[in-house]
Amino acid sequence: MNIKMPRWFYQLASPKWFYEFTGALLPWFSAAAIILLLIGTVWGLVFAPADYQQGNSFRIIYIHVPSSILAQSCYMMMAVAGAIGLIWRMKIAHVVAGACAPIGASIAVMSLATGAIWGKPTWGAWWVWDARLTAMLVLLFLYIGVIALNSAFDNKASADKATAVLSLVGLVNIPIIKYSVEWWNTLHQPATFTVTEKPAMPPEMWMPLLVMVLGFYCFFAVVLMSRARIEVLEREKRSDWVKRVIQAY
Amino acid sequence: MTPKRKKRLSIILGLVFGTALIVGLVMFSLSENINLFYSTSQIAQGEAPVGARIRAGGMVVDGSIKRSTDSLKVQFAITDYEHQVIVEFTGILPDLFREGQGIIAQGKMDAQGIFQADEVLAKHDENYMPPEIAESMKQKQESVK
């Protein structure tokens, strides 16, 4: 069996091509992020109906759920990029993986903080050591570990390899977060959205949530590309095309 | 893919699935400790440690809430629809506490078999709906009865 990767996969590996490609994408993603986040926030906070049990305090779902989803997707992206970097020895993949870590850590903090703020009025506690909450905290620690390990090396190549291995090992936490509410008794409720069933929420409630999730992903793309572009310039600072880019400013 | 890359890919897959297997086995052996609470059936069948501080979870039984008139003391029963446990608690209950609501109480079993709770947390389910829909669903259920 011989797997042939598509052309764009190898094109992305060229720092110059990556820089130009993301430069063309950035304005589109920025515009989409601003529009989606604005619509989603106003829709979710003002126009979506209140919940029959929790009243208006359920509206924090419009930040809590997108940030929780994104914190996990970002980790998966970091691990997959790390694996690509290890297998194909692709520097750009390590640049992307390195850019994921601080973004993911901030979003995991946001998910934990909004969860605590939501937990106090509804459950009666800021924090409970149940499986879902603990696994999410482990995710934050994994992000912090990746950042710390990455900055512990002087040599960029060794740092890239070590952090890629750590993020791949930590990948095991993602299914634990997802299924913790089904495998064990937890205070956290099970998922409202599943692939196989209708959402346990009417459309006027989940539509703004969907807009928020898409907005969070676009925002993530913008921040990720911006961070990766700066890192590319830093790493390639001795090449001619970077010198030309710098001179153009 | 070159043979070298294929080899690296299989090493990485081995690493990921290896850790998943190890963590999976550890989780499986620790699952009793990872559970946040004991169900009322587990307590009735003696699976929960006696005399130790535990958490008990269940639905508040309809019509079982008895409030004291001169203090914050409240007594209610929780059930998993098989066994019931009587819970006593002194303090402020969370806003979501009501009949039919899932709750988790932390405390100890006393000699009379009453669960003396020092903390009551309300569990909410994954269903969200506007109040009007909840109201109309309730009316439909009642007309069926």
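The following conversation concerns chain B and its contact with chain A in a predicted model.

User: What does the secondary structure of chain B come to?

Analyst: Chain B has 3 helices and 7 strands.

User: And in what order do the elements of chain B run?

Analyst: Starting at the N terminus, the order is α-β-α-β-β-β-β-β-β-α. A helix therefore stands at each end of that series, as the order of elements shows.

User: What radius of gyration does chain B have, and what would a compact globule have?

Analyst: The radius of gyration of chain B is 23 Å, whereas a compact globule of 145 residues would have one near 15 Å. The C-alpha trace of chain B spans about 80 × 45 × 25 Å along its principal axes.

User: How many of its residues are buried, as a percentage?

Analyst: Of the 145 residues in chain B, 19% are buried.

User: Which share of the contacts in chain B joins residues at least 24 apart?

Analyst: That share is 43%, counted among contacts between residues at least 6 apart in sequence.

User: Changing topic: how many residues does the contact take from each chain?

Analyst: Chain A provides 37 residues and chain B provides 34 residues.

User: Which elements give two or more residues to the side of chain A that touches chain B?

Analyst: They are α3 (61–88), α4 (91–122) and α6 (156–170) of chain A. The most comes from α3(A), which gives 4 residues.

User: How do the residues of that side of chain A divide into nonpolar, polar and charged?

Analyst: On the side of chain A that touches chain B, 26 residues are nonpolar, 9 are polar and 2 are charged.

How values were computed
Residues are numbered from 1 along each chain as its sequence is written. Chains are lettered from A and ligands numbered from 1 in the order in which they are written. This is a predicted model: local features need pLDDT of at least 70, side-chain atom pairs count only at pLDDT 80 or more; totals for chains, interfaces and linings use all residues. The radius of gyration is taken over C-alpha atoms; the globule rule is 2.2 Å times the number of residues to the power 0.38. A residue is buried if 20 or more other C-beta atoms lie within 10 Å of its own, exposed if 12 or fewer, and partly exposed in between; C-beta atoms are placed from the backbone. Two residues are in contact if their C-beta atoms, placed from the backbone, lie within 7 Å. Ala, Val, Leu, Ile, Met, Phe, Trp, Tyr, Cys and Pro count as nonpolar, Asp, Glu, Lys and Arg as charged, and the others, Gly among them, as polar.
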